Amino acid sequence: MDYIKAFAVGGIICVIGQILISLTNMTPARILVMFVTGGVILTALGIYEPIVEFGGAGATVPLTGFGYSLAQGVFKAVDEHGLLGIFIGGVTATAAGIAATIFFGYLVSIIFQPKVKK
Amino acid sequence: MGGKILPEGTMILENPVYIRGKGSAVGQEEAKGPLSDYFDIKADNAKWGEKSFEFAEKKFFMSACKKAVEDAGLSLNDIDLLLGGDLLNQIITASYSARDLGLPFLGLYGACSGMAQALATGSMLIDGGFGNNILCAASSHYATAERQFRSPLELGTPKPPTGQDTVTGAGATVISSEKGNNKVVIRALTIGRCVDFGITDANNMGAAMAPSAVQSILTHLQNRGKNPLDYDAVFTGDLGMFGSKLMIDLAQKCGVDLSEVHHDCGSMIYEGMKSKRCGASGCGCCAVVLNGYILRQLEQGNYRRILFTATGAMMSTTSVQQGESIPGIAHVIEMERV
Amino acid sequence: MNIREQLNIGNYNAYVKKEMPKSKVFSECIRAFFVGGLICTLGQAIRNFAQYTLELSENEVSAFTSIILIFLGALLTGLGVYDIIGNFAGAGSIIPITGFSNSVVSSALEFKAEGYIVGVGAKLFTVAGPVLVYGISSSIVVGLIYYLLKLLGMA
């Protein structure tokens, strides 16, 4: 059941992205920025939490989930550290993702070559 | 000197300018297309044994130039001047090739109109007596252009339906003041203006360039007192399939029917290849089709008289990011079999 | 001859838009749905594995899942597979975190020829940069609002 929910929720979030791309010609960088920021805002408004509870990975794997982690982290840190938490929370909660992106990105860039395909 | 230049940029050459040699070098994708047999040199892959795609593009440029000089029955010492351009920032392909060829060099930038720009400039120089043999060349490379103007090769973003693929390849032509055994002559040309109809989508260059093509071709026809059927073919550079359709429509609206004689190099080179969507673009596109296909057809007598119109989209990544619209330009070269 | 005077096309952009070959939005959405759904299902499998087999804590589960997916996205990009998937799936493979990984790696990979510092090192952030800037900044803004609301006793 987990899997079906993840599939459906993840699929729907991607369809929203696809509609934006098809109809507005948005570049992927814009889309990604929009989804992360959108995730932060929806989480702050309390809308994204229920989606995550329902969809599991379907809601955390899309980039909105990255925004969700950022916002969740900040709220938690504000509860624990007060004002300083605003700056501690986001990056702490997403540290693994950021570090992995930079490191694996670097590693892959060193090992592989870009190719021209048909 | 009266009468050499007509209003609106059409030049009538007093002294015939002959096509003396031609050379084309293409990448593997182009070699899979329907025009494959016409190209002189085919690379086995996009890097062609070089350390970067930029070096590979230079190799295409150099190979096409050397082939054209050889085809002309000349050596590099007989060449008075090299005129050429490409798409890369500061036209490095042409400049570095000029360094290696050791020729007097004028670098030209006309986006994808490079080949016609070089031929036009060269023809005027020869007509004016400033050279006997001039080498004109243009090149582009899918991988170098893609990363400069669009997105990285490995980026997983589908291309929009109006997108065109940059041709990997280079074409070079030796033009000459001597008749010799040469069969093709340039008699007139039209230097285009930058025409901007307000297209801002860099993935829709055919639409941005179509009005300029109509402008230049119709100006040329008018100034020459001809109608489209006086020519066996009117080639455009790289409007692609969608841009070609727009151009025919726009010309029709201006009261000229080009549909009988029009061919588009960008549509021809990848014709029938499914993955290529709207066709090809890039300086190399019409350069290789001209030097591979069109000149051969003229020499063999399959065409008597044609117009070769290379179109260019005169934008940069900066202007596009700043939301500026894309001006198009088109230069027309009239060629004839003698 | 002046094409502007000869042609009576009020709005060229609108005219072009009308004539343009249309992207097939419906079939694109279907493909995005399936591929996006599949990637998320894979994410769910990794989550479940982390949670039930490795018995990690909740925070560790998300970290584990992100790391694996980012690794897969980067690897498939390096192997030259991800852009083929992307051509088929569109947003289906852009929106998941694997797509973020792909955007990051593809720009770095491409600029390898410019060296490891100003090439790979700098270009890693072509896409990652804006995403982090807007993600982190917006989280700080909502954090600040949350903090103020708490002070006022409203949250």
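**Chain contacts and one helix, term by term**

Q: How many salt bridges does the rule find across the interface of chain B and chain A, and what would make a pair count?
A: Zero. To count, a side-chain nitrogen of Lys or Arg has to lie within 4 Å of a carboxyl oxygen of Asp or Glu. One caution: this is a predicted model, where local features need pLDDT of at least 70, side-chain atom pairs count only at pLDDT 80 or more, and totals for chains, interfaces and linings use all residues, while side-chain values use heavy atoms, leaving out hydrogens and water. As for names, residues are numbered from 1 along each chain as its sequence is written, and chains are lettered from A and ligands numbered from 1 in the order in which they are written.

Q: What makes up the contact between chain B and chain A?
A: Chain B brings 14 residues and chain A eight, a contact being heavy atoms within 4.5 Å. The buried area is about 850 Å², with carbon and sulfur atoms giving 58%; that's the accessible area (1.4 Å probe) the two parts lose on being put together, summed over both.

Q: Which pair of side chains, one from chain C and one from chain A, meets in a salt bridge, and why is it called that?
A: Lys150(C) and Asp79(A), at 2.7 Å, N to O. That's a Lys nitrogen and an Asp oxygen, and the cut-off is 4 Å, so the name fits. Across this interface the rule finds one salt bridge.

Q: How much area is buried between chain C and chain A, and which three residues of chain C supply more than any other three?
A: About 5600 Å², with carbon and sulfur atoms giving 79%. The trio is Phe33(C), Cys40(C) and Ile95(C), which supply 11% of the area chain C buries against chain A. In contact are 68 residues of chain C and 66 of chain A.

Q: How do you know what length to expect for helix H7 of chain B?
A: The expected span is 1.5 Å times one less than the number of residues. Helix H7(B), residues 240–253, has 14 residues and reaches 20 Å from first C-alpha to last, close to the 20 Å expected. Calling it a helix takes a DSSP run (H or I) of at least four residues, whereas a strand (E) takes at least two.

Q: What makes a residue of H7(B) "buried", and which ones are?
A: Buried means under 20% relative accessible area (1.4 Å probe, protein chains only). Those in H7(B) include Phe242(B), Leu246(B), Met247(B) and Leu250(B). The buried residues pack against elements including helix H6 (205–224) of chain B and helix H2 (12–19) of chain C.

Terms used:
Buried < 20%, exposed > 50% of the residue type's maximum accessible area, 1.4 Å probe, protein only.
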